[in-house]
Amino acid sequence: MAITTVADLLVEVLAEAGVRRIYGVSGDSLNGITESMRVRGDMQWVGTRHEETAAFAAGADAHLTGSLAVCAGSCGPGNLHLINGLYDCHRSRVPVLAIAAQIPSAEIGSGYFQETHPEHLFGQCSHYCELVSQPEQMPRVLEIAIQTALSKRGVAVIILPGDVALRDSVASGPRLRFAEPRPTICPSGDEINLLGELLNGSERTTILAGAGCAGAHDELIELAGTRQAPIVHAMRGKEFIEYDNPFDVGMTGLLGFSSGYHAMMNCDLLLMIGTDFPYQQFFPKDVTVVQIDVRGEQLGRRTKVDFGFVGDTKTTLRALLPKLKQNLYVGHLQESIEHYRKARKGLDELASATPGKPIHPQYVARVIDQLAAEDAIFSCDVGTPTIWAARYLTMNGKRRILGSFNHGSMANALPQAIGAQVSHPGRQVISMSGDGGFSMLMGDLLTLRQHELPVKLIVFKNDSLAFVELEMKAAGILEFGTHLHNPDFTKIAEGAGLLGLRAETPDQVETAIAEALEYDGPALVEVPVPRQELAMPPTITFEQAKGFSLFMMKAVLSGRGDEVIDLARVNLLR
Ligand SMILES: Cc1cc2nc3c(=O)[nH]c(=O)nc-3n(C[C@H](O)[C@H](O)[C@H](O)COP(=O)(O)OP(=O)(O)OC[C@H]3O[C@@H](n4cnc5c(N)ncnc54)[C@H](O)[C@@H]3O)c2cc1C
Ligand SMILES: Cc1ncc(C[n+]2csc(CCOP(=O)(O)OP(=O)(O)O)c2C)c(N)n1
Ligand SMILES: [Mg+2]
């Protein structure tokens, strides 16, 4: 297509960079871009009902494909709505370009209709955020933005006034080719020797591994086998680490398993690999901590680190493995695995169905796990759905899982499911939605029908902001402002052109979810679940809990009161 305008050039550069779609809500100031897309016909406009949805969807697309994804919002309020989703993309380090249209360039600074200053607004949630004020800046500024998003992993923002987009382009095409940068980064030879010595000198190593271990499964397993080290994974590492892993002892943290917690507390050397697990309180205090991360600035961010190494996981472990000796002490690994087996059994028992009793959300998650396709893509809302996903979804190397794990924003699951389904049309996409999270961006239910996206939404209807209630309880305060007066979501789904189903009793859960999964189109299953599923154990008083609230919280979330006693004894009362 002939490149006439700045907008034409922008779309051409994106196409050359491999971009096939833009998520967004159109608007006057975006007209140049959408018109250029219409004329070309080779780039999809994925219209959403809310720009926040567009940003979350682009983030999911980028996470799953590993490639650049793009979202756009019109001037002022239009692009302002992108911001929360962009924060999520940025903190998850996925390459996303946001196009923030701007008011007419001659009006900037006059307090004009819809005027905002996106340079300031998006500064905190991007690596790069620049205004294109004249055609001569294109395509260079756009190319810098793309390069930045890809190589620094995160968000880049282009601010483009509607009138500049419609002006004649000076250049006639892209200047760069955007190959995804894939450098290998390895600590120096001396550093690898030191790393080897440290590990060979430890009998009780525990590995805390995270999302930075993606693509290094074999190396990680070999490392754990050689050093007889249990592997604890951080949440974002679940999809890459948990499967085919005989050294897996689960997660730690508030959502974690007691086995993950104890494996870390009982080691003599903690080896952190590709993780930014954020909760300081769950790190052991008096052990040697060794950390490997591709970004030097991540070293020591969460706990004291005695030895830090900059390198990518695969390259570093490949260099390290020949230096390692077989650890002959198997006690630490065996204890950790035995603990995990017990913890897992306890959690599995909670995922049961009893006729005549309420439907346990754990059971719903278990059924989803069992019925989902081998290569299903899951998203889970922040709130209790994150707990159920962490504990009951089984990963296998093909399944993927999306959440707002680093930014922790509600209402992520439906928008991320949209991005997942658009970018992976043949795959089964399942959103585990909270009733609060789902209703927050519920308008985008309409997007599923409009774009014929066969997403399956399972709504955990507990008529409350249950996760917050839990936090209130753990802090010893009374619940307030957390009740949700909900509609019949199945009727809303039907009104929006989806299949709407409800499971009223435990024995209906499997049938309803199976029917939704088999249905050739978008479907919603509403499942009423108790709001106080993770009850406060009766055996502990507030006085006992005071000062130990974090451990209380962990124990409460572990689902079993006896854990409180156990943890208090082991960690606090000695
Ligand atoms: C309600 C709620 C509760 C939560 N509770 C828990 C919990 O109990 N337990 C838990 O684990 N999480 C929990 N989370 C998630 C938590 O907030 C973090 O998102 C998660 O622990 C981070 O996982 P990660 O370290 O794998 O990923 P990230 O935070 O993304 O860190 C990845 C690290 O790997 C590095 N890296 C990237 N690529 C490479 C490479 N090639 N080589 C080397 N390094 C690389 C990065 O620089 C980064 O430092 C919760 C989230 C929510 C919303
Ligand atoms: C945008 C946003 N607002 C508020 C919060 C605080 N918050 C965290 S979880 C949660 C409750 C989520 O409720 P729901 O989606 O119904 O899930 P539930 O925990 O009830 O299963 C709230 C309000 C947040 N994380 N993000
Ligand atoms: Mg709820």
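Two helices count as oblique to each other when the angle between their axes is neither under 35 degrees, nor over 145, nor 65 to 115. In this predicted model, the axes of helix 10 (residues 217-227) and helix 13 (residues 313-320) cross at roughly 40° and come within 9 Å. Helix 10 and helix 13 are therefore oblique to each other. The crossing in which helix 10 passes helix 13 is left-handed.

A second helix pair is formed by helix 12 (residues 258-265) and helix 14 (residues 331-350), which pack with their axes 8 Å apart and at an angle of about 160°. Because angles over 145 degrees count as roughly antiparallel, this description applies to helix 12 and helix 14. Helix 12 passes helix 14 in a right-handed crossing.

The surroundings of ligand 1 were examined next. Ligand 1 is surrounded by 32 residues, of which Arg236, Leu255, Asp293, Arg295 and Asn406 are the closest. By class, this shell consists of 13 nonpolar, 13 polar and six charged residues.

Polar contacts to ligand 1 involve both side-chain and backbone atoms of the protein, among them the following. A polar side-chain atom of Arg295 is placed 2.7 Å from an oxygen atom of ligand 1. Phe277 contributes a backbone N or O atom that lies 3.4 Å from an oxygen atom of the ligand, and a backbone N or O atom of Gly212 lies 3.4 Å from a nitrogen atom of ligand 1. Taken alone, ligand 1 exposes 990 Å², and 90% of that area is buried by the protein.

Note on methods
Residues numbered from 1 in each chain as written. Chains lettered and ligands numbered in written order. Predicted model: local features only at pLDDT ≥ 70, side-chain atom pairs only at ≥ 80, totals over all residues. Heavy atoms only, no water. Near = heavy atom within 4 Å. Polar contact = N/O pair within 3.5 Å; in protein donor to acceptor, adjacent residues only side chain to side chain. Areas by Shrake-Rupley, 256 points an atom, 1.4 Å probe, with all protein chains shown as cover. Nonpolar A, V, L, I, M, F, W, Y, C, P; charged D, E, K, R; others polar. Axes fitted to C-alpha atoms, helices over the stretch in contact; angles between N-to-C directions. Helix = DSSP H or I, 4+ residues; strand = E, 2+ residues; numbered from the N terminus. Left-handed = near helix turned anticlockwise from the far one by under 90°.
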